[in-house]
Amino acid sequence: MENWCYEKEALDLFATHYQTGEKIPEEWVERIRKAANFQEGYQTVRQVSFGLLDMAWHGDEGKEVTDVAEFENKAMLPTELLPGVECTNMSCQFGHIFQGGYSAGYYSYKWAEVLDADAFEYFKEKGIFSQEVAQKFKDHILSAGGREHPMVLYKRFRGKAPSPEALLQRAGLKKN
């Protein structure tokens with residue numbers, strides 16, 4: 001729901017100068033958007049690397065590990081941007097992939113961002129305060145959870161499968 005906080009139309013409802021009542025200038029809103037995307041590319045690749053590591057631990061290759069550092073380096077190599085820090089292991093501090101219900105599911109963080117961005121893109125297409133889209137979101141997402149497969153519900157809401165394009169655009173990693 002924080003998507004609305006980056007939209008001038010929504011900010012104009014409350015983001016006013018405390019003395020003059022002047023609405024927040026569009027250039028400030030644009031600066032806020034850009035600041036929100038600071039290092040988004042690195043953050044995205046880092047999160048994908050955590051998903052790869054999680055899947056590696058819970059796949060066949062994770063059953064016979066004798067060297068955690070070597071295993072981790074191999075699993076995260078496809079997304080390596082910076083050299084590792086000697087004598088550190090992400091796995092040793094990544095407890096929620098072993099307990100807490102995320103086993104082989106860490107990728108769901110990024111998938112949730114795809115759903116979030118794609119759903120908000122629908123609001124933007126129809127108007128961020130569209131009653132029609134809001135009602136469909138309520139009926140097919142908020143009120144219907146667990147009754148049917150989530151993808152069926154999402155497609156009913158959106159009219160199509162989610163696309164990562166909206167997330168890439170929101171993150172500033174792809175231009176329209």
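1. Going from the N terminus, the elements of this protein read α-α-α-α-α-α-α-α-α. That comes to nine helices and zero strands. Please keep in mind throughout that this is a predicted model.

2. On overall shape, the radius of gyration is 20 Å, whereas a compact globule of 176 residues would come out near 16 Å. Along the principal axes, the C-alpha atoms take up a box of roughly 65 × 40 × 30 Å. Buried residues account for 31% of the 176. If you look at contacts between residues at least 6 apart in sequence, 55% of them link residues at least 24 apart.

3. A word on the surface and the charges. About 11,800 Å² is exposed, and carbon and sulfur atoms provide 56% of that area. The protein carries 21 positive and 27 negative charges, and the mean positions of the two sets sit 8 Å apart.

4. Now for α6, which covers residues 108–126. Does its length fit or clash with what a helix of 19 residues should span? It agrees, because 1.5 Å a residue predicts 27 Å and the end C-alpha atoms are 27 Å apart. Its buried residues are Lys110, Glu113, Val114, Ala117, Asp118, Ala119, Phe120, Tyr122 and Phe123, so you'll find charged names as well as Val and Phe in that list. As a reminder, an α-helix has 3.6 residues a turn, so residues three or four places apart point the same way.

5. What do the buried residues of α6 pack against? The partners are α3 (40–57), α7 (131–142), α8 (150–158) and α9. Right after α6 comes glycine 127, with a positive phi near 110°.

6. Helix α3 gets the same check. Its 18 residues should span 26 Å at 1.5 Å a residue, and the end C-alpha atoms are indeed 26 Å apart, so the two agree. The buried set here is Glu40, Thr44, Gln47, Ser49, Phe50, Gly51, Leu53, Asp54, Ala56 and Trp57. The cover over these residues includes α2 (26–36), α4 (68–76), α5 (90–93) and α6.

7. Glutamine 47 is worth a click. This residue lies in α3 and counts as buried because its relative accessible area is 10%, below the 20% cut-off. Beyond its neighbours within four places in sequence, glutamine 47 contacts Tyr106, Tyr109, Lys110 and Glu113. Lys110 and Glu113 are also on the buried list of α6.

8. Two backbone angles to look at. Most residues other than glycine have a negative phi. Glutamine 39, in the loop between α2 and α3, has a positive phi near 60°. Cysteine 87 has a positive phi too, near 65°, and belongs to the loop between α4 and α5. Is cysteine 87 buried or exposed? With 78% relative accessibility, cysteine 87 counts as exposed, because the cut-off is over 50%.

9. Valine 65 is in the loop between α3 and α4. Its relative accessible area is 25%, so valine 65 is partly exposed. Leaving out residues up to four places away in sequence, valine 65 touches Trp57 and Phe71; Trp57 is one of the buried residues of α3. To histidine 149, 84 residues along the chain, the C-alpha separation from valine 65 is 36 Å.

10. Toward the C-terminal part, proline 164 sits in the loop between α8 and α9. Proline 164 is partly exposed because its relative accessible area is 41%. Its C-alpha atom and that of aspartate 12 are separated by 29 Å, with the two positions 152 residues apart along the chain.

11. Last, leucine 173, in the segment after α9 (165–170). Which residues does leucine 173 contact, leaving aside neighbours within four places in sequence? They are Glu40, Gly41, Thr44 and Leu168. Glu40 and Thr44 are among the buried residues of α3. Leucine 173 itself is partly exposed, because its relative accessibility is 41%. Glutamate 30 is 143 residues away from leucine 173 in sequence, and their C-alpha atoms are 16 Å apart.

How values were computed. Residues numbered from 1 in each chain as written. Predicted model: local features only at pLDDT ≥ 70, side-chain atom pairs only at ≥ 80, totals over all residues. Heavy atoms only, no water. Helix = DSSP H or I, 4+ residues; strand = E, 2+ residues; numbered from the N terminus. Buried < 20%, exposed > 50% of the residue type's maximum accessible area, 1.4 Å probe, protein only. Contact = heavy atoms within 4.5 Å. Rg over C-alpha atoms; globule rule 2.2 N^0.38 Å. Areas by Shrake-Rupley, 256 points an atom, 1.4 Å probe, with all protein chains shown as cover. Lys, Arg positive; Asp, Glu negative; His and termini not counted. Charge placed at Lys NZ, Arg CZ, Asp CG, Glu CD. Expected span 1.5 Å × (residues − 1).
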